[in-house]
Structures are given as structure tokens and as C-alpha cells.
Amino acid sequence: MPLTERYGDPFQCPTPETVIFDGIYTKPDNSTEHAQQGMVWTIGKGRVFYFQPGHEGYPIYFQEEIRQVFRNGVKWVAPRT
């Protein structure tokens with residue numbers, strides 16, 4: 001992603017079952033912080049997918065790769081038949 005802004009760790013959430021997207025975010029001042037961007041949980045019979053690709057200040061939500069991650073996440077949390 002050419003430009004983005006993210007929220008870094010620590011997150012105020014339960015420990016995820018799996019971290020799907022993990023990495024280092026380089027801030028505009030060139031400092032870095034760890035940022036878990038995609039996490040999943042199973043809660044009871046349901047599933048939760050958290051994906052935080054960036055900030056609304058940059059148009060990354062319109063990138064095809066980001067939109068595909070959202071589509072895949074929706075399919076993953078949908079009830080299984």
C-alpha cells in the first residue's frame with residue numbers, strides 16, 4: 001500500500017486464534033510499530049474476522065486487494081451449511 005495509516009499494538013481484545021495479517025508499520029516520521037491487521041476468533045457457533053488495513057484518510061479501501069480481503073472475510077464468517 002503506497003500510503004496508509006494504521007493503529008498499532010497493543011489491542012484491547014482477546015488473544016486471537018490466528019493472526020492473518022501481521023507486520024511492521026512505518027509511520028510518517030520513519031519510526032516503526034508492530035501492527036496486527038487481521039485477526040480471527042470463534043465465539044460459540046460464530047466467527048469474528050477483524051481487518052484493519054488503514055485509515056479513512058487514504059483511499060486504500062478502493063484497492064482491489066483490500067476489497068478481496070473483505071469479500072473473503074465475509075465468506076469466512078458466514079454460517080456454514
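This is a short talk through the fold, the hairpin and the aromatic residues of one chain.

Okay, so before anything else: what we're looking at is a predicted model. Keep that in mind as I go.

Let's start with the overall layout. The chain has 1 helix and 3 strands, and if you read along the sequence you get the pattern β-β-β-α. There are 81 residues in the chain, and 26% of them count as buried. The accessible surface comes to about 5900 Å², with 57% of that belonging to carbon and sulfur atoms. On contacts: take the ones between residues at least 6 apart in sequence, and 47% of those join residues at least 24 apart.

Now, the hairpin. Strand β2 covers residues 32-43 and strand β3 covers residues 46-51, and they pair in the antiparallel sense over 6 bridges. If you want a spot to find on screen, look for Thr 42, which stands opposite Arg 47 in β3. Between the two strands of this hairpin there are 2 residues, and Gly 44 takes a positive phi near 65°.

On to the aromatics. Which residues form the aromatic cluster? They're Phe 21, Phe 49, Phe 51, Tyr 61 and Phe 70, all in one cluster. The count of aromatic pairs comes to 4. One of them is Phe 49 with Phe 51: the ring centres are 6.0 Å apart and the planes sit at 15°, so that pair is stacked, given that planes under 30 degrees apart count that way.

What about cover for those two rings? Phe 51 has 15% relative accessibility, so it counts as buried. Phe 49 has a relative accessible area of 23%, so this one is partly exposed. The cut-off for buried is under 20%, in case you were wondering about that split.

Then there's Phe 70. Where does Phe 70 sit in the fold? Phe 70 is in helix α1, residues 64-77. Is Phe 70 buried or partly exposed? With a relative accessibility of 34%, Phe 70 counts as partly exposed.

Phe 70 also turns up on the surface: together with Tyr 61 and Phe 62, Phe 70 makes a nonpolar patch of about 320 Å². So who appears in both groups? Tyr 61 and Phe 70 belong to the aromatic cluster, and both help make that nonpolar surface patch.

That's what I had. Have a look at the helix and the hairpin on screen, and we can talk.

Technical notes: Residues are numbered from 1 along each chain as its sequence is written. This is a predicted model: local features need pLDDT of at least 70, side-chain atom pairs count only at pLDDT 80 or more; totals for chains, interfaces and linings use all residues. Side-chain values use heavy atoms; hydrogens and water are left out. Patches are made of residues with over 30% relative accessible area and no salt bridge: like charges are joined within 9 Å, nonpolar side chains (Val, Leu, Ile, Met, Phe, Trp, Tyr) within 5 Å. Accessible areas come from the Shrake-Rupley method with a 1.4 Å probe; for residues, only the protein chains shown count as cover. A salt bridge is a side-chain nitrogen of Lys or Arg within 4 Å of a carboxyl oxygen of Asp or Glu. Helices (H or I, at least four residues) and strands (E, at least two) are DSSP runs, numbered from the N terminus. Buried means under 20% relative accessible area, exposed over 50%, partly exposed in between (1.4 Å probe, protein chains only). Rings of Phe, Tyr and Trp (its six-membered ring) pair if their centres lie within 6.5 Å; planes under 30 degrees apart count as stacked, over 60 as edge-to-face and the rest as tilted. Two strands pair if DSSP finds at least two bridges between them. Contact means heavy atoms within 4.5 Å.
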